[in-house]
Amino acid sequence: MRWQEWQEQAHHPGGARGDVPVLGGVMLPLVGRARVYSCGITPYDVTHLGHAAAFVWVDALSRVLHAEGADVIVCRNVTDVDDVLLAAAERAGEPYDEFAAVQQFYFEQDMASLRVGVPAIQPRAHTRIGQVIALAAGLLARGAAYERAGSVYFRGGAAARAAMPDEAQALRLAAEYGDEPGDPRKDDPFDVAIWRASEPGQPAWASPWGAGRPGWHAECAAIALHAFGPSVDVQAGGGDLRFPHHVYQAALAEALTGVTPFARARLAAGVVRVGGQKMAKSAGNLVLVSDLLAKYPAAAVRLLILDRPWSEDWDYEQAELDAAAARLDRLHSAAGRPGTGSGEAALARIRAALRADLGVPAALAIAEEAGGQAARALSALLGLW
Ligand SMILES: [Zn+2]
């Protein structure tokens, strides 16, 4: 059986035998569309392995859901209005929008090299200002937000405390991600800006509250609401976005629409560390995708990322990349063998492994052992050729 036949089968409930994909413990029965909202990049720097890991996992999820018969629609934003980006553009002495466009070009090159599918919807935040203003106005009308000195804040305390009961940890993360918990204009340290008043020299758009710019969480909430309506099937992104970003994105959308939950399932890909430290420019430990691709096939880098449980944080080591390249060779050798039997039984087991929380390691083991069509199908499905 080929993936295409599986898709045909998956469209007919009798053929699918009631099996449904599971993601993070959540059953995802798919009827028609699968709406995947993926947090994209803030284009202020080169793509590192930590970014790539999240996007390769979203790509693998899309491929598997597609093979299961869903019409997968991915929306991945580009956060081209962000204070981190503004600071980087200022250091480079370039207008922020030109700077972001160039960085985005390099990012897309890296994604194409890694065979990450191009999202159907890829909005740049600066083109969605009106949607953020509408979100702020809607939340003000519902009493879920308030205006202070040209900024509009969302009452996010309840959502933040429910998601992160450890208050000290929550405050630390809120500060790290630019939510300014100490801002004295806020009623609660966990309220967040939907709309920020801009100082002279900062990018600014007209709004009912004066010149300003959108907040990051509000950008993703507004873009997802516009693309998909009040809910999505999967809210995806890097594991470091769990709090505060994903929590506030969902809380903003839920407060506006009243539809809960905003996301049926979440895919927050494990954070990539180097020597136990999160990969970050400030830590000086970036592993650049372009450097890896100069020495290794893209499929080996994909395999390094995918050959593990998706939610676990992990440490990058070159020895592991060498091991991934060796495993890729074994998979390709297996694909060249005639394979055992018709391959149908192995394909069914591979499909079951992938349906069970994207169990790539188990699927690989079955493909290597069975060889032939099963190994070829898995390589094609996961972009490991
Ligand atoms: Zn986001």
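Mentor: A term to start with: contact means heavy atoms within 4.5 Å of each other. Also, keep in mind that this model is predicted.

Trainee: Okay. Which residues of α6 meet which residues of α9?

Mentor: On the α6 side they are Gln131, Val132 and Leu135. They meet Ala218, Glu219, Ala221, Ala222, Ile223, Leu225 and His226 in α9. By class, that contact has seven nonpolar, two polar and one charged residues.

Trainee: And how are the two helices placed, roughly parallel or roughly perpendicular?

Mentor: The axes of α6 (residues 129-141) and α9 (residues 216-228) come within 9 Å and cross at roughly 100°. Angles from 65 to 115 degrees count as roughly perpendicular, so α6 is roughly perpendicular to α9.

Trainee: Now single residues. What makes Pro208 exposed?

Mentor: The cut-off for exposed is over 50% relative accessible area. Pro208 has 61%, so Pro208 is exposed. You'll find Pro208 in the loop between β7 (192-197) and β8 (212-214).

Trainee: Why does Glu180 count as partly exposed?

Mentor: Partly exposed lies between the 20% and 50% cut-offs. Glu180 has 41% relative accessibility, so the label fits. Glu180 sits in the loop between α8 (167-176) and β7, and has a positive phi of about 50° although it isn't a glycine.

Trainee: What is unusual about that?

Mentor: Most residues other than glycine have a negative phi. Leu358 is another case, with a positive phi of about 55°.

Trainee: Is Leu358 buried or exposed?

Mentor: Buried means under 20%. Leu358 has 5% relative accessibility, so Leu358 counts as buried. Leu358 is in the loop between α14 and α15. Asp357, just after α14, takes a positive phi too, of about 60°.

Trainee: How do you know that the length of α14 agrees with what a helix should span?

Mentor: Helix α14 (residues 344-355) has 12 residues. The expected span is 1.5 Å times one less than that number, which means 16 Å, and the end C-alpha atoms are 16 Å apart, so the two agree. Among the buried residues of α14 are Leu347, Ile350 and Leu354.

Trainee: How does α13 do on that check?

Mentor: Helix α13 (residues 318-336) has 19 residues and reaches 27 Å, close to the 27 Å expected. Its buried residues, including Leu321, Leu328 and Leu331, pack against α11 (289-295), α12 (298-306), α15 (360-370) and α16 (372-381).

Trainee: On to strands. What makes β4 and β10 edge strands?

Mentor: Four strands form an open sheet with parallel pairing, in the order β4-β3-β9-β10. β4 (71-76) and β10 (263-269) each pair on one side only, and are the edge strands. The twist averages 20° from one strand to the next.

Trainee: How do you know that β3 and β9 pair?

Mentor: Pairing takes at least two bridges. β3 (residues 33-38) and β9 (residues 232-238) have three bridges, in the parallel sense. Ser38 stands opposite Ala236 in β9.

Trainee: In which sense do β5 and β6 pair, parallel or antiparallel?

Mentor: β5 (residues 145-148) and β6 (residues 151-154) pair in the antiparallel sense over four bridges. They form a hairpin with two residues between them, and Ala149 in the turn has a positive phi of about 50°. Ala145 has Phe154 in β6 as its bridge partner.

Trainee: Last one: which peptide bonds are cis?

Mentor: The bond from Phe243 to Pro244 is cis, with omega near 5°, and Pro244 is in helix α10. Another cis bond joins Thr260 and Pro261, where omega is about -5°.

Methods:
Residues numbered from 1 in each chain as written. Predicted model: local features only at pLDDT ≥ 70, side-chain atom pairs only at ≥ 80, totals over all residues. Heavy atoms only, no water. Buried < 20%, exposed > 50% of the residue type's maximum accessible area, 1.4 Å probe, protein only. Axes fitted to C-alpha atoms, helices over the stretch in contact; angles between N-to-C directions. Parallel < 35°, antiparallel > 145°, perpendicular 65-115°, else oblique. Nonpolar A, V, L, I, M, F, W, Y, C, P; charged D, E, K, R; others polar.
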